[in-house]
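User: Could you give me a close look at one part of this model: the stretches outside the regular secondary structure? Please tie them to the rest of the chain as you go.

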Amino acid sequence: MNEIIDLSQEIYEGMPVFKDLPQVNMSIHNSHEEWSGIKNPKKKTPAVHKLELGEHTGKHVDFEVLL
(Lines give C-alpha, C1' and ligand atoms only; values in the text may rest on other atoms or scores of the structure.)
Protein backbone atom coordinates (compact mmCIF):
# COMPACT_ATOMS: atom_id res chain seq x y z
CA MET A 1 0.00 0.00 0.00
CA ASN A 2 1.26 3.50 -0.82
CA GLU A 3 2.13 5.81 2.04
CA ILE A 4 1.95 9.60 1.90
CA ILE A 5 4.48 11.39 4.07
CA ASP A 6 3.80 15.07 4.75
CA LEU A 7 7.06 17.04 4.46
CA SER A 8 5.43 20.46 4.65
CA GLN A 9 6.69 23.06 7.07
CA GLU A 10 5.42 26.34 8.44
CA ILE A 11 5.85 29.27 6.05
CA TYR A 12 6.47 32.57 7.83
CA GLU A 13 7.89 36.01 7.17
CA GLY A 14 11.64 36.06 7.69
CA MET A 15 12.09 32.31 7.28
CA PRO A 16 15.36 31.17 5.73
CA VAL A 17 15.33 30.82 1.96
CA PHE A 18 17.93 29.51 -0.47
CA LYS A 19 20.33 32.16 -1.78
CA ASP A 20 18.98 34.50 -4.47
CA LEU A 21 15.38 33.35 -3.91
CA PRO A 22 12.79 35.96 -2.86
CA GLN A 23 12.13 36.50 0.83
CA VAL A 24 8.71 35.64 2.27
CA ASN A 25 6.59 38.77 2.87
CA MET A 26 3.15 38.86 4.50
CA SER A 27 0.91 41.87 4.98
CA ILE A 28 -2.73 42.73 5.59
CA HIS A 29 -4.35 43.52 2.23
CA ASN A 30 -7.74 44.49 3.66
CA SER A 31 -8.99 44.42 7.25
CA HIS A 32 -12.54 43.94 8.52
CA GLU A 33 -12.44 47.55 9.76
CA GLU A 34 -11.48 48.91 6.33
CA TRP A 35 -14.32 46.97 4.70
CA SER A 36 -16.74 48.28 7.35
CA GLY A 37 -15.58 51.87 6.75
CA ILE A 38 -14.21 52.38 10.28
CA LYS A 39 -11.65 55.21 10.16
CA ASN A 40 -8.41 54.89 12.19
CA PRO A 41 -9.29 51.79 14.24
CA LYS A 42 -7.13 51.12 17.32
CA LYS A 43 -6.81 47.51 16.22
CA LYS A 44 -7.09 45.98 12.74
CA THR A 45 -8.37 42.44 12.34
CA PRO A 46 -7.19 40.86 9.10
CA ALA A 47 -9.73 39.69 6.56
CA VAL A 48 -7.37 39.14 3.63
CA HIS A 49 -3.61 38.62 3.89
CA LYS A 50 -1.26 39.27 1.00
CA LEU A 51 1.46 36.63 0.64
CA GLU A 52 4.58 37.06 -1.48
CA LEU A 53 6.94 34.11 -1.82
CA GLY A 54 8.92 32.16 -4.34
CA GLU A 55 7.62 28.89 -5.73
CA HIS A 56 10.46 26.96 -4.05
CA THR A 57 9.80 28.29 -0.53
CA GLY A 58 10.06 25.59 2.13
CA LYS A 59 10.55 21.99 1.11
CA HIS A 60 11.23 21.30 -2.53
CA VAL A 61 11.46 17.58 -3.17
CA ASP A 62 10.71 15.07 -5.87
CA PHE A 63 8.14 12.47 -4.88
CA GLU A 64 8.52 8.83 -5.67
CA VAL A 65 5.85 6.20 -5.27
CA LEU A 66 7.19 3.21 -3.39
CA LEU A 67 5.51 -0.03 -4.30
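Analyst: Let's start with a cut-off: a residue counts as exposed when its relative accessible area is over 50%, as buried when that value is under 20%, and as partly exposed in between. Keep in mind that this is a predicted model. The mean pLDDT of the protein is 81, with 87% of its residues at 70 or more.

With that in hand, take Asn-40. Its place is in the loop between α1 and β2. Asn-40 is exposed because its relative accessible area is 75%, and the cut-off for that class is over 50%. The backbone here is worth a look too: phi of Asn-40 is positive, about 50°, although the residue is not a glycine. As a rule, most residues other than glycine have a negative phi.

Asp-20 gives you another case of this kind. Its phi is near 65°, again a positive value in a residue other than glycine. Asp-20 is found in the segment before β1, and with a relative accessibility of 79% it counts as exposed.

Now for the elements around these stretches. The protein has one helix and two strands, and from the N terminus on they run β-α-β. β1 spans 25-31, helix α1 covers residues 32-36, and β2 takes in 46-52. Among these elements, α1 has the lowest mean pLDDT, 84, while β1 has the highest, 89.

Staying in the segment before β1, we come to Tyr-12. Tyr-12 is partly exposed, so it falls in the middle class, at 36% relative accessibility. Tyr-12 also belongs to a nonpolar patch on the surface, together with Ile-11, Met-26, Leu-51 and Leu-53. Together, the residues of this patch have about 420 Å² of accessible area. For the whole protein, the accessible surface comes to about 6,400 Å², and 53% of that belongs to carbon and sulfur atoms.

Ile-11, from that patch, leads us over to the other end of the fold, since it is one of the residues that Thr-57 touches. Setting aside residues up to four places away in sequence, Thr-57 also touches Met-15 and Val-24. Thr-57 sits in the segment after β2. What is Thr-57, buried or exposed? Thr-57 is buried, because its relative accessible area is 12%, and the limit for that class is under 20%. Its side chain has a polar partner as well: one of its polar atoms lies 2.8 Å from the backbone oxygen of Gly-54. Across the protein, buried residues make up 10% of the 67 residues.

To link the strands into this picture, look at Ser-27, which lies in β1. Leaving out neighbours within four places in sequence, Ser-27 is in contact with Val-48, His-49 and Lys-50. The C-alpha atoms of Ser-27 and Val-48 are 8.8 Å apart, with their positions 21 residues apart in sequence. Ser-27 itself is partly exposed, at 34% relative accessibility. On the scale of the whole protein, 37% of the contacts between residues at least 6 apart in sequence join residues at least 24 apart.

So back to the stretches you asked about: Asn-40 and Asp-20 are exposed, while Thr-57 is buried.

How values were computed
Residues are numbered from 1 along each chain as its sequence is written. This is a predicted model: local features need pLDDT of at least 70, side-chain atom pairs count only at pLDDT 80 or more; totals for chains, interfaces and linings use all residues. Side-chain values use heavy atoms; hydrogens and water are left out. Helices (H or I, at least four residues) and strands (E, at least two) are DSSP runs, numbered from the N terminus. Buried means under 20% relative accessible area, exposed over 50%, partly exposed in between (1.4 Å probe, protein chains only). Contact means heavy atoms within 4.5 Å. Accessible areas come from the Shrake-Rupley method with a 1.4 Å probe; for residues, only the protein chains shown count as cover. Patches are made of residues with over 30% relative accessible area and no salt bridge: like charges are joined within 9 Å, nonpolar side chains (Val, Leu, Ile, Met, Phe, Trp, Tyr) within 5 Å. A salt bridge is a side-chain nitrogen of Lys or Arg within 4 Å of a carboxyl oxygen of Asp or Glu. A polar contact is a pair of N or O atoms within 3.5 Å; within protein, one must be able to donate a hydrogen and the other to accept it, and residues adjacent in sequence count only if both atoms are side-chain atoms. pLDDT is the predictor's confidence in each residue, from 0 to 100.
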